Amino acid sequence: PAPLRDSVNTAWGAPEDFKVMTWRNPEGEAFFVFPAQRYGNLLLAPQPVRGWGEVTKEYHDVKLPPHHQYLAFYLWLQRGFDAHAMVHVGTHGTHEWLPGKEVGFTEADPSEVMVGAVPQVYPYIVDVVGEGLQAKRRGMATLISHMTPPFDQAGMSPDMIELIGLPDDHAVAMQKSEAAAA
């Protein structure tokens, strides 16, 4: 939509001038780079970064529109790759922190453009409820909550305990016996 396109061009310049995460072939045609590994119908890819300066600050900047490569990646997932779902592994993505309305998206809100009709799935740990709610509300995510796995002291098998002790036993034997040193 024109309002989103205009805000992206104002913040980042024209797409043909965008130099980050792009590649040009010998004929000079520009292409966006999407680091990814494809396994048949499964695509594993990191989410594009939100910006190129102070990246961690820009992750949560609700006024900064997505840059061209970020926008192109999500549009390619929907229209080029034809994703049936997107599964976000980790605490949260960044598309739910984009500018736009908090609820009642319009067609020009970046989160709406990024996600479209593709289901979003987030395995979410239950102790980050606030970020889970943001992913659900603005990222239109289905949350799969899970508990932190229990922690317990690890133990070793008797054979491993004996193996770990052998160098110490050898060092002690070397100090006590001339025959062991020979």
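Which residues does Tyr74 touch, not counting residues up to four places away in sequence? In this predicted model, the partners of Tyr74 are Gln47, Pro48, Met86, His88, His95 and Met114. The overall fold is described before this site is taken up again.

The chain contains seven helices and seven strands. Their order along the sequence is α-β-β-β-β-α-α-β-α-β-α-β-α-α. The chain has 182 residues, and 28% of them are buried. Its radius of gyration is 26 Å, whereas a compact globule of 182 residues would have a value near 16 Å. The C-alpha trace spans about 85 × 45 × 35 Å along its principal axes.

Contacts and surface were examined next. Of the contacts between residues at least 6 apart in sequence, 60% join residues at least 24 apart. The exposed area of the chain is about 11900 Å². Carbon and sulfur atoms supply 60% of that area. The chain carries 13 positive and 22 negative charges. The mean positions of the two sets are 12 Å apart.

Helix H3 covers residues 68–79 and includes Leu75. Tyr74 is placed in helix H3 as well. Tyr74 counts as buried because its relative accessibility is 2%, under the 20% cut-off. Leu75 has 22% relative accessibility and therefore counts as partly exposed. That value falls between the limits of 20% and 50%.

The side chain of Tyr74 makes a polar contact with the side chain of Gln47, at 2.5 Å. Gln47 is also listed among the residues that Tyr74 touches. For Leu75, with neighbours within four places in sequence left aside, the contacts are Gly80 and Val113.

Gly28 serves as a reference point for both helix residues. Tyr74 and Gly28 are 46 residues apart in sequence, and their C-alpha atoms are 24 Å apart in space. For Leu75 and Gly28, the separation is 47 residues in sequence and 23 Å between C-alpha atoms.

The loop between S5 and H4 holds two further residues of interest. Strand S5 covers residues 86–87 and helix H4 covers residues 110–115; Glu96 lies in the loop between them. Thr94 has its place in the loop between S5 and H4 too.

Thr94 shows 5% relative accessibility and so counts as buried. Its side chain makes a polar contact with the side chain of Tyr70, at 2.6 Å.

Glu96 has 0% relative accessibility and therefore counts as buried. The side chain of Glu96 makes a polar contact with the side chain of Tyr122, at 2.8 Å. Another polar contact joins the side chain of Glu96 to the side chain of His95, at 3.5 Å. His95 is one of the residues that Tyr74 touches. His95 thus has a contact with Tyr74 and a polar contact with Glu96.

The surroundings of Glu96 include residues further along the sequence. With neighbours within four places left aside, Glu96 is in contact with Ser111, Tyr122, Gln134, Ala135, Arg138 and Gly139. Tyr122 is on that list, and its side chain is also a polar partner of Glu96.

Key. Residues numbered from 1 in each chain as written. Predicted model: local features only at pLDDT ≥ 70, side-chain atom pairs only at ≥ 80, totals over all residues. Heavy atoms only, no water. Helix = DSSP H or I, 4+ residues; strand = E, 2+ residues; numbered from the N terminus. Rg over C-alpha atoms; globule rule 2.2 N^0.38 Å. Buried < 20%, exposed > 50% of the residue type's maximum accessible area, 1.4 Å probe, protein only. Contact = heavy atoms within 4.5 Å. Areas by Shrake-Rupley, 256 points an atom, 1.4 Å probe, with all protein chains shown as cover. Lys, Arg positive; Asp, Glu negative; His and termini not counted. Charge placed at Lys NZ, Arg CZ, Asp CG, Glu CD. Polar contact = N/O pair within 3.5 Å; in protein donor to acceptor, adjacent residues only side chain to side chain.
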